[in-house]
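Subject: Structure handover

Hello,

I am passing a structure on to you, with notes on what was found in it. Please look through it before reading further.

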Amino acid sequence: MKFQRSTLILMTLALGLAGFVYVFEIRGKTQQEEIQAKQQKIFAFGKDEIQSFTVTTSKQAITVERVTNAEELKKSPWKITAPIQFLANPASVDYLFMELLKNQSIPSDPNSGIQKLTVSPDQIKDYGLDLVTDTIVIKLKNNTTYQLRLGKKDFQGESLYAQIETPQPAAKEMTVLVISDDILSAINRPLEEWKLPPEPPKVPQPNPTPNPTPSATPK
(Lines give C-alpha, C1' and ligand atoms only; values in the text may rest on other atoms or scores of the structure.)
Protein backbone atom coordinates (compact mmCIF):
# COMPACT_ATOMS: atom_id res chain seq x y z
CA MET A 1 0.00 0.00 0.00
CA LYS A 2 2.89 2.33 0.78
CA PHE A 3 4.45 1.59 -2.60
CA GLN A 4 1.21 2.38 -4.40
CA ARG A 5 0.88 5.70 -2.57
CA SER A 6 4.43 6.65 -3.56
CA THR A 7 3.71 5.71 -7.13
CA LEU A 8 0.58 7.84 -7.10
CA ILE A 9 2.52 10.83 -5.78
CA LEU A 10 5.16 10.42 -8.49
CA MET A 11 2.49 10.19 -11.19
CA THR A 12 0.84 13.35 -9.88
CA LEU A 13 4.15 15.19 -9.91
CA ALA A 14 4.85 13.96 -13.44
CA LEU A 15 1.48 15.18 -14.69
CA GLY A 16 2.02 18.53 -13.02
CA LEU A 17 5.42 18.86 -14.63
CA ALA A 18 3.98 17.98 -18.04
CA GLY A 19 1.35 20.67 -17.61
CA PHE A 20 4.04 23.18 -16.64
CA VAL A 21 6.04 22.32 -19.76
CA TYR A 22 2.96 22.72 -21.96
CA VAL A 23 1.93 26.07 -20.56
CA PHE A 24 5.36 27.71 -20.45
CA GLU A 25 7.05 26.08 -23.43
CA ILE A 26 4.60 24.79 -26.02
CA ARG A 27 1.85 27.33 -25.45
CA GLY A 28 4.38 30.10 -24.89
CA LYS A 29 6.11 29.18 -28.15
CA THR A 30 2.78 29.33 -29.99
CA GLN A 31 2.06 32.78 -28.61
CA GLN A 32 5.54 33.92 -29.59
CA GLU A 33 5.00 32.61 -33.12
CA GLU A 34 1.75 34.58 -33.29
CA ILE A 35 3.59 37.73 -32.23
CA GLN A 36 6.26 37.13 -34.86
CA ALA A 37 3.61 36.55 -37.52
CA LYS A 38 2.00 39.92 -36.73
CA GLN A 39 5.40 41.55 -37.12
CA GLN A 40 5.50 40.28 -40.70
CA LYS A 41 2.52 42.49 -41.58
CA ILE A 42 2.31 46.23 -42.03
CA PHE A 43 -0.78 46.36 -39.83
CA ALA A 44 -2.06 43.72 -37.43
CA PHE A 45 -5.76 44.64 -37.40
CA GLY A 46 -8.34 42.95 -39.62
CA LYS A 47 -10.25 44.48 -42.52
CA ASP A 48 -13.54 44.14 -40.61
CA GLU A 49 -12.18 46.70 -38.13
CA ILE A 50 -11.69 49.38 -40.81
CA GLN A 51 -14.29 52.16 -40.92
CA SER A 52 -12.76 54.41 -43.59
CA PHE A 53 -9.53 55.20 -45.42
CA THR A 54 -8.00 57.95 -47.53
CA VAL A 55 -5.51 57.26 -50.30
CA THR A 56 -3.44 60.26 -51.38
CA THR A 57 -1.06 60.23 -54.34
CA SER A 58 0.57 62.92 -56.45
CA LYS A 59 -2.47 62.84 -58.75
CA GLN A 60 -5.49 62.61 -56.44
CA ALA A 61 -6.92 62.00 -52.99
CA ILE A 62 -9.78 59.54 -52.48
CA THR A 63 -11.73 58.88 -49.29
CA VAL A 64 -13.78 55.69 -48.92
CA GLU A 65 -16.10 54.91 -46.04
CA ARG A 66 -18.09 51.88 -44.95
CA VAL A 67 -21.68 51.91 -46.19
CA THR A 68 -24.53 52.08 -43.66
CA ASN A 69 -27.47 52.64 -46.01
CA ALA A 70 -29.38 49.39 -46.50
CA GLU A 71 -30.17 50.02 -50.17
CA GLU A 72 -26.57 50.93 -51.03
CA LEU A 73 -25.31 47.98 -49.03
CA LYS A 74 -27.03 45.64 -51.48
CA LYS A 75 -24.64 46.87 -54.18
CA SER A 76 -21.38 47.58 -52.30
CA PRO A 77 -20.17 47.70 -48.68
CA TRP A 78 -18.02 50.77 -49.47
CA LYS A 79 -18.72 54.28 -50.73
CA ILE A 80 -16.45 57.02 -52.09
CA THR A 81 -17.14 60.24 -50.17
CA ALA A 82 -14.41 62.43 -51.71
CA PRO A 83 -13.77 63.86 -54.24
CA ILE A 84 -17.20 62.55 -55.38
CA GLN A 85 -20.11 60.68 -53.87
CA PHE A 86 -20.25 57.25 -55.48
CA LEU A 87 -20.37 53.61 -54.47
CA ALA A 88 -16.91 52.03 -54.45
CA ASN A 89 -15.69 48.98 -56.32
CA PRO A 90 -15.32 46.20 -53.68
CA ALA A 91 -12.58 44.54 -55.75
CA SER A 92 -10.37 47.64 -55.66
CA VAL A 93 -10.95 48.10 -51.91
CA ASP A 94 -10.23 44.44 -51.14
CA TYR A 95 -7.03 44.54 -53.18
CA LEU A 96 -5.76 47.49 -51.14
CA PHE A 97 -6.64 45.73 -47.88
CA MET A 98 -4.88 42.58 -49.02
CA GLU A 99 -1.66 44.50 -49.63
CA LEU A 100 -1.90 46.29 -46.28
CA LEU A 101 -2.74 43.24 -44.19
CA LYS A 102 -1.05 40.31 -45.93
CA ASN A 103 1.82 38.36 -44.39
CA GLN A 104 4.95 39.34 -46.31
CA SER A 105 7.12 36.52 -44.97
CA ILE A 106 8.27 33.53 -47.00
CA PRO A 107 7.32 30.18 -45.35
CA SER A 108 10.68 28.62 -46.25
CA ASP A 109 12.62 31.54 -44.78
CA PRO A 110 11.73 32.43 -41.17
CA ASN A 111 13.91 35.55 -41.33
CA SER A 112 12.08 37.02 -44.31
CA GLY A 113 9.25 39.51 -44.29
CA ILE A 114 9.19 43.19 -43.44
CA GLN A 115 12.60 44.59 -42.58
CA LYS A 116 12.86 47.33 -39.97
CA LEU A 117 15.61 49.90 -40.24
CA THR A 118 16.52 52.28 -37.43
CA VAL A 119 17.71 55.59 -38.83
CA SER A 120 18.33 59.13 -37.62
CA PRO A 121 16.05 62.03 -38.69
CA ASP A 122 18.81 63.30 -40.98
CA GLN A 123 18.71 60.02 -42.96
CA ILE A 124 14.97 60.11 -43.68
CA LYS A 125 15.53 61.94 -46.97
CA ASP A 126 17.72 59.07 -48.19
CA TYR A 127 14.61 56.87 -48.18
CA GLY A 128 12.32 59.40 -49.84
CA LEU A 129 10.37 59.94 -46.63
CA ASP A 130 11.08 63.63 -46.09
CA LEU A 131 8.69 64.97 -48.75
CA VAL A 132 6.04 62.28 -49.13
CA THR A 133 3.24 62.42 -51.71
CA ASP A 134 1.82 58.90 -51.31
CA THR A 135 0.02 58.21 -48.03
CA ILE A 136 -2.72 55.93 -46.74
CA VAL A 137 -4.70 57.03 -43.69
CA ILE A 138 -6.88 54.36 -42.08
CA LYS A 139 -9.54 54.97 -39.45
CA LEU A 140 -10.82 51.99 -37.46
CA LYS A 141 -14.28 51.56 -35.97
CA ASN A 142 -12.84 52.39 -32.54
CA ASN A 143 -11.66 55.78 -33.92
CA THR A 144 -7.99 54.78 -33.89
CA THR A 145 -6.15 56.29 -36.87
CA TYR A 146 -3.09 54.94 -38.65
CA GLN A 147 -1.04 56.56 -41.38
CA LEU A 148 1.30 54.79 -43.78
CA ARG A 149 3.78 57.05 -45.61
CA LEU A 150 5.40 55.63 -48.75
CA GLY A 151 8.90 56.63 -49.83
CA LYS A 152 11.09 55.52 -52.71
CA LYS A 153 12.08 52.03 -53.83
CA ASP A 154 15.19 50.28 -52.54
CA PHE A 155 18.32 49.83 -54.64
CA GLN A 156 17.01 46.52 -56.05
CA GLY A 157 13.79 48.18 -57.20
CA GLU A 158 11.58 45.41 -55.78
CA SER A 159 10.78 46.80 -52.33
CA LEU A 160 9.56 50.10 -50.98
CA TYR A 161 10.59 52.20 -48.01
CA ALA A 162 7.68 53.17 -45.79
CA GLN A 163 6.91 54.62 -42.41
CA ILE A 164 3.92 54.30 -40.09
CA GLU A 165 2.63 57.58 -38.66
CA THR A 166 4.14 61.00 -39.24
CA PRO A 167 7.70 61.19 -37.89
CA GLN A 168 8.38 63.42 -34.91
CA PRO A 169 11.13 65.98 -35.63
CA ALA A 170 12.43 65.73 -32.06
CA ALA A 171 12.88 61.93 -32.22
CA LYS A 172 16.48 60.74 -32.09
CA GLU A 173 15.73 57.51 -33.97
CA MET A 174 13.06 56.56 -36.49
CA THR A 175 11.87 53.23 -37.87
CA VAL A 176 11.74 52.69 -41.62
CA LEU A 177 9.97 49.63 -43.04
CA VAL A 178 11.02 47.80 -46.19
CA ILE A 179 7.79 46.45 -47.67
CA SER A 180 6.61 44.94 -50.95
CA ASP A 181 6.14 47.49 -53.73
CA ASP A 182 2.95 45.69 -54.79
CA ILE A 183 1.06 48.26 -52.76
CA LEU A 184 1.79 50.88 -55.43
CA SER A 185 -0.49 49.11 -57.90
CA ALA A 186 -3.24 49.15 -55.25
CA ILE A 187 -3.19 52.95 -54.78
CA ASN A 188 -2.11 54.25 -58.20
CA ARG A 189 -5.37 53.63 -59.99
CA PRO A 190 -7.66 56.19 -61.66
CA LEU A 191 -10.86 57.30 -59.99
CA GLU A 192 -12.95 55.26 -62.43
CA GLU A 193 -11.39 52.05 -61.11
CA TRP A 194 -12.36 53.00 -57.55
CA LYS A 195 -15.98 53.48 -58.63
CA LEU A 196 -18.48 50.64 -58.71
CA PRO A 197 -18.83 49.49 -62.33
CA PRO A 198 -22.29 49.98 -63.84
CA GLU A 199 -24.49 46.96 -63.99
CA PRO A 200 -24.57 45.34 -67.43
CA PRO A 201 -27.76 46.10 -69.34
CA LYS A 202 -30.36 43.41 -69.17
CA VAL A 203 -30.90 41.68 -72.47
CA PRO A 204 -34.62 41.39 -73.17
CA GLN A 205 -35.74 37.82 -73.47
CA PRO A 206 -37.61 37.07 -76.71
CA ASN A 207 -41.21 36.03 -76.28
CA PRO A 208 -41.68 32.40 -77.13
CA THR A 209 -43.54 31.89 -80.41
CA PRO A 210 -46.73 29.98 -79.71
CA ASN A 211 -47.16 26.76 -81.62
CA PRO A 212 -49.88 27.05 -84.26
CA THR A 213 -53.09 25.27 -83.36
CA PRO A 214 -53.68 22.50 -85.88
CA SER A 215 -56.86 22.99 -87.86
CA ALA A 216 -59.49 20.29 -87.83
CA THR A 217 -59.28 17.91 -90.81
CA PRO A 218 -62.63 17.83 -92.71
CA LYS A 219 -64.20 14.38 -92.82
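The notes below cover the chain, the sheet and the pocket.

This is a predicted model, in which local features need pLDDT of at least 70, side-chain atom pairs count only at pLDDT 80 or more, and totals for chains, interfaces and linings use all residues. Residues are numbered from 1 along each chain as its sequence is written, and side-chain values use heavy atoms, with hydrogens and water left out.

The protein chain has 5 helices and 9 strands (DSSP runs numbered from the N terminus: helices H or I of at least four residues, strands E of at least two). Of its 219 residues, 29% are buried (under 20% relative accessible area, 1.4 Å probe, protein chains only).

The 9 strands form an open antiparallel sheet, in the order S4-S3-S2-S1-S6-S7-S8-S9-S5; two strands pair if DSSP finds at least two bridges between them. Strands S4 (86-87) and S5 (115-119) are the edges, each pairing on one side only. Between S6 (residues 134-140) and S7 (residues 145-153) there are 6 bridges; isoleucine 138 has tyrosine 146 in S7 as its bridge partner.

The largest pocket (an open set of points on a 1 Å grid over the protein atoms alone, where a 1.4 Å probe fits, with protein on both sides within 12 Å along at least five of seven lines) is lined by 14 residues; lining residues have an atom within 4 Å of a point. Gln104, Gly113, Gln115, Ser159 and Val178 lie nearest its centre. Strand S9 (residues 174-180) gives the most to this lining, with 3 residues.

Regards

Note on methods. Buried means under 20% relative accessible area, exposed over 50%, partly exposed in between (1.4 Å probe, protein chains only).
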